[in-house]
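Q: Please take a close look at one helix in this model. Which of its residues are buried, and what lies around them?

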Amino acid sequence: MTTTITETYGVDPTPTPLALLLLGREADPNSERGVECPGDLPAASDPDLVARARAAKEALGERVFILGHHYQRDEVIEFADVTGDSFKLARDAAARPEAEYIVFCGVHFMAESADILTGDAQQVVLPDLAAGCSMADMATAEQVAECWDVLTDAGIADVTVPVSYMNSSADIKAFTGKHGGTICTSSNAQRALEWAFEQGQKVLFLPDQHLGRNTAVREMGLSLDDCVLYNPHKPGGGLTAEQLRDAKMILWRGHCSVHGRFSLDSVNDVRERIPGVTVLVHPECKHEVVAAADMVGSTEYIIKALDAAGPGSKWAIGTELNLVRRLAKAHPDKEVVFLDRAVCFCSTMNRIDLPHLVWALESLVEGRVPNVIRVDPETEKYAKAALDRMLALP
């Protein structure tokens with residue numbers, strides 16, 4: 001007599017939608033915005049993808065300007081007119097008013113920044129709307145508004161200046177602008193914080209706790225005790241009014257899923273494996289990782305450090321894997337390795353692949369403008385005010 005799995009274990013082996021999603025056989029329309037493209041998405045196995053991308057780009061000419069973030073795949077970077085970090089790319093787009101279409105190969109908040117800074121006649125296209133940012137998603141407008149109410153009840157809102165990392169949504173940038181704050185990048189976070197402390201007594205730093213903590217402690221001489229962590233999922237942020245009043249840096253409980261995976265064990269392990277290695281990490285890494293590293297800096301800083309390094313030098317880089325691999329390829333005279341033994345791409349950034357880029361470009365050739373990113377005028381007004389304050393920093 002044959003028994004079934006259901007009879008033996010009391011479970012139904014029929015694949016559930018979640019199981020199929022995890023196996024890559026289904027998509028969840030409630031959580032995977034933009035995975036399904038209107039029209040036909042080219043197959044990744046299509047041998048003509050490169051030729052199709054080249055032909056579409058040539059057909060569009062100067063009407064299109066393609067931006068490629070450093071963390072993108074090589075197959076996408078190949079077609080980028082410029083590469084860089086998020087803010088540099090947004091400014092590059094603003095400097096090309098003749099381009100009707102800005103195709104941003106990055107993530108959602110980056111495309112929003114480009115829309116804020118470009119002209120009304122230009123349209124910003126994100127090849128896959130599901131290319132988001134887990135860090136940016138860790139702070140919603142409703143949560144931040146509630147946080148401000150908590151600070152108001154504690155009697156400190158009027159002496160607190162919000163500083164938001166570029167890796168935030170347009171809504172968060174607008175909140176920052178409306179409340180007299182500024183935006184920062186990983187390159188100018190220290191200047192932004194110095195400016196903020198000239199305006200008030202405290203800073204609410206959004207949404208990356210690690211960049212805020214590392215900048216305050218490493219660059220500005222504050223102590224870890226000067227920092228408190230506001231958890232939007234707990235009443236009052238999980239902090240007492242006294243803790244908020246005593247703090248100088250109120251850090252939002254957010255982080256980068258890529259940089260947050262590096263650990264002190266990663267640093268110790270690579271030093272043991274590669275004697276004489278220089279550990280260079282991004283300031284979005286945890287404080288203990290930054291403290292144990294030899295050098296710390298933004299993506300652009302990392303690139304310049306490798307360019308200036310001597311032949312034969314050894315480097316362990318703590319940032320996104322696509323960039324590390326590209327740096328290793330560009331510097332064959334140096335030993336360049338990923339800081340962690342386990343590979344780690346930015347999963348949402350990697351949603352922008354060659355099939356999505358081809359689909360977006362061919363849609364534009366056919367007269368259809370897909371996946372347009374638009375920031376509403378009110379949000380744009382206050383977000384731009386915060387960005388303008390950053391641009392005015394000395």
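A: **Helix α10 and its surroundings**

The buried residues of α10 are Gln209, His210, Leu211, Gly212, Arg213, Asn214, Thr215, Ala216 and Val217. The model is a predicted one. Helix α10 spans residues 209-219, and nine of its eleven residues are buried, so the rest of the structure largely encloses it.

Start at the beginning of the helix. There, Asp208 places a side-chain oxygen within 3.2 Å of the backbone nitrogen of His210. Just past the other end, Gly221 adopts a positive phi of about 80°.

Now take one residue inside the helix. Thr215 belongs to α10. Its relative accessibility is 6%, and the cut-off for buried is under 20%, so Thr215 counts as buried. The side chain of Thr215 comes to 2.7 Å from the backbone oxygen of Leu211. Leaving aside residues up to four places away in sequence, Thr215 touches Ala189, Gln190, Leu193 and Met220.

Next, the strands. Strand β7 covers residues 202-206 and pairs with β9 in the parallel sense, over three bridges. Leu204 has Ile250 of β9 as its bridge partner. Strand β8, residues 227-230, also runs parallel to β9, and four bridges join the two. Cys227 stands opposite Met249 in β9. From β8 the chain passes through helix α11 (residues 241-246) to β9, a right-handed β-α-β crossover.

Strand β9 itself spans residues 249-252. Met249 and Leu251 point one way, while Ile250 and Trp252 point the other way. All of them are buried.

For contrast in burial pattern, turn to helix α14, residues 299-308. Buried there are Thr299, Ile302, Ile303, Ala305 and Leu306. Viewed down the axis of α14, these buried residues fall within an arc of 160°, so they line one face of the helix. The face turned away from that buried side carries the exposed residues Lys304 and Ala308. The cover over the buried residues of α14 includes strands β10 (278-281), β11 (295-296), β12 (314-318) and β13 (335-338), along with helix α15 (321-330).

Another part of the chain holds an open sheet. Five strands make it up, in the order β2-β1-β3-β4-β14, and the pairing is mixed. β2 (82-84) and β14 (372-373) stand at the edges with a single partner strand each, so one side of each has no neighbour in the sheet. The partner of β2 can be named: strand β1, residues 64-69, pairs with β2 in the parallel sense over three bridges. Leu67 has Val82 of β2 as its bridge partner.

Finally, the whole chain. It contains 17 helices and 14 strands. Of its 394 residues, 52% are buried. Among contacts with a separation of 6 or more, 65% join residues 24 or more positions apart. The chain exposes about 17,900 Å², and carbon and sulfur atoms supply 50% of that area.

Back to the helix in question. Nine of the eleven residues of α10 are buried, among them Thr215, with its side chain at 2.7 Å from the backbone oxygen of Leu211.

Definitions and conventions
Residues are numbered from 1 along each chain as its sequence is written. This is a predicted model: local features need pLDDT of at least 70, side-chain atom pairs count only at pLDDT 80 or more; totals for chains, interfaces and linings use all residues. Side-chain values use heavy atoms; hydrogens and water are left out. Buried means under 20% relative accessible area, exposed over 50%, partly exposed in between (1.4 Å probe, protein chains only). A polar contact is a pair of N or O atoms within 3.5 Å; within protein, one must be able to donate a hydrogen and the other to accept it, and residues adjacent in sequence count only if both atoms are side-chain atoms. Two strands pair if DSSP finds at least two bridges between them. A crossover is right-handed if, with the strands pointing away from the viewer, the path from the first strand over the helix to the second runs clockwise. Contact means heavy atoms within 4.5 Å. Accessible areas come from the Shrake-Rupley method with a 1.4 Å probe; for residues, only the protein chains shown count as cover. The arc is that of the directions from the helix axis to the C-beta atoms.
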